[in-house]
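This report covers the aromatic pairs, helix geometry, backbone exceptions and cysteines of one model. The sequence and structure come first.

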Amino acid sequence: EEEFKWLLQEEVHAVLKQLQDILKEASQRFALPAGGSAGAVKQQNFALSTSGTDQVKGVLTLQGDALCQADVNLKMPRNNQLLHFAFREDKQWKLQQIQDARNHVNQAIYLLMNRDVSYQFKTGSEVLKLMDAVMLQLSRARNRLTTPATLTLPEIASSGLTKMFTPALPPDILVNFYINLNKLCLTVYQLHVLQPSTTKNFKPAGGSILHNPGAMFEFGNQRYEVSHVHKVECVIPWLNDALVFFTVSLQLCQQLKDKISVFSSYWNYRPY
């Protein structure tokens, strides 16, 4: 009993402090200014690369959770024509995945700060409940970075992203940006218009993270088929750090839960 009391009063708070420190580090990696003071976030440039092809090259500029510039060159396979397009000066694209992940981390920190050193835990189940709540936020944060949204091709075509570029994207080009683990990915879809005579086998594609050549869709009274897909990406080192912090924090939470559970089960089943 004494040992369990010590665990609840001392060790639990030591672990909560450790978790707070790790998660504050994780939150700082998202490089956003506290209190929304503009200008405190530095811009970072990343070169796009791919293993298989040099059809798409470019540089992306990231500022916290905003993609504030994308400068992309695309070599068209049909005629080797080179297209260049970049974000308009007045435009930036919010990366919702980063924003959501950061919000979940901050929610986890808030839960931990609500149980400061002066707080007395009375029961093991109270600690387990807190750990479950923190782990839920951390799992959601991690899932936002590891699981990009599935989109249909018409959703990509009607996304605000297509209006961001100058010169405007040709009607036979679609682009999509998303986060996958520690990478910022750009997918470029080249389309060809389906003639009315070829639409008897028309089967629109559903939602996907990445659509393959041959995927069909209808948009603006016109039917298209994807002819080429180019996926390029750049590694964002601080996203990698954040994912490591999430893993370490989840392990710490689980270890504390296991300790509490061992004591609780002993307490519940002790012989009288």
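Two rings of Phe, Tyr or Trp, the last taken by its six-membered ring, count as a pair if their centres lie within 6.5 Å; planes under 30 degrees apart make the pair stacked, over 60 edge-to-face, and the rest tilted. The model discussed here is predicted.

**Aromatic rings**

By that definition the structure holds six aromatic pairs. Phe217 and Tyr224 form a stacked pair, because their ring centres are 5.3 Å apart and their planes meet at 20°. Phe217 is buried at 1% relative accessibility, and Tyr224 is buried at 13%. Elsewhere, ring pairs join Phe85, Phe87, Phe165 and Phe177 into a cluster. In general, the distance of the centres and the angle of the planes describe a pair of aromatic rings.

Arginine side chains also lie over ring faces. Arg115 is placed over the face of Tyr119, 4.5 Å from the ring centre. Arg223 is placed over the face of Phe202, with 4.0 Å to the ring centre.

**Helix α1 and Phe121**

Helix α1 covers residues 2-29, 28 residues in total. At 1.5 Å a residue its expected span is 40 Å, and the end C-alpha atoms are 40 Å apart, so the two values agree. The helix nevertheless has a kink of about 35°, centred on Leu8.

Which residues does Phe121 contact, leaving aside its neighbours within four places in sequence? They are Leu8, Val12, His13, Leu16, Arg115, Glu126, Val127 and Leu130. Leu8 is thus both the centre of the kink in α1 and a contact of Phe121. Arg115, the residue over the face of Tyr119, is another of the Phe121 contacts. Phe121 itself belongs to the loop between α2 (96-113) and α3 (124-146). Its relative accessible area is 4%, which means that Phe121 is buried, the cut-off being under 20%. Phe121 and Leu7 are separated by 114 residues in sequence, while their C-alpha atoms are 9.7 Å apart in space.

**Backbone exceptions**

Most residues other than glycine have a negative phi, and most peptide bonds are trans. The peptide bond from Thr166 to Pro167 is cis, with omega near -10°. Pro167 sits in the loop between β6 (165-166) and β7 (173-180). Two residues other than glycine with positive phi are listed below.

| Residue | Phi | Loop | Relative accessible area |
|---|---|---|---|
| Leu181 | near 60° | between β7 and β8 (183-193) | 41%, partly exposed |
| Asn221 | near 60° | between β9 (216-219) and β10 (222-235) | 80%, exposed |

**Cysteines**

How many disulfides does the structure hold? The number is zero. A disulfide is a covalent bond between the sulfur atoms of two cysteines. For Cys185, the closest cysteine sulfur is that of Cys234, at 7.9 Å, which is too far for a bond because the cut-off requires the sulfur atoms to lie within 2.5 Å. Cys185 is buried at 0% relative accessibility. Cys253 is also buried, with a relative accessible area of 0%.

Note on methods:
Residues are numbered from 1 along each chain as its sequence is written. This is a predicted model: local features need pLDDT of at least 70, side-chain atom pairs count only at pLDDT 80 or more; totals for chains, interfaces and linings use all residues. Side-chain values use heavy atoms; hydrogens and water are left out. Buried means under 20% relative accessible area, exposed over 50%, partly exposed in between (1.4 Å probe, protein chains only). Helices (H or I, at least four residues) and strands (E, at least two) are DSSP runs, numbered from the N terminus. The expected span of a helix is 1.5 Å times one less than its number of residues. The bend at a residue is the angle between axes fitted to the seven residues ending there and the seven starting there. A charge sits over a ring if NZ of Lys or CZ of Arg is within 6 Å of the ring centre and within 35 degrees of the ring normal. Contact means heavy atoms within 4.5 Å.
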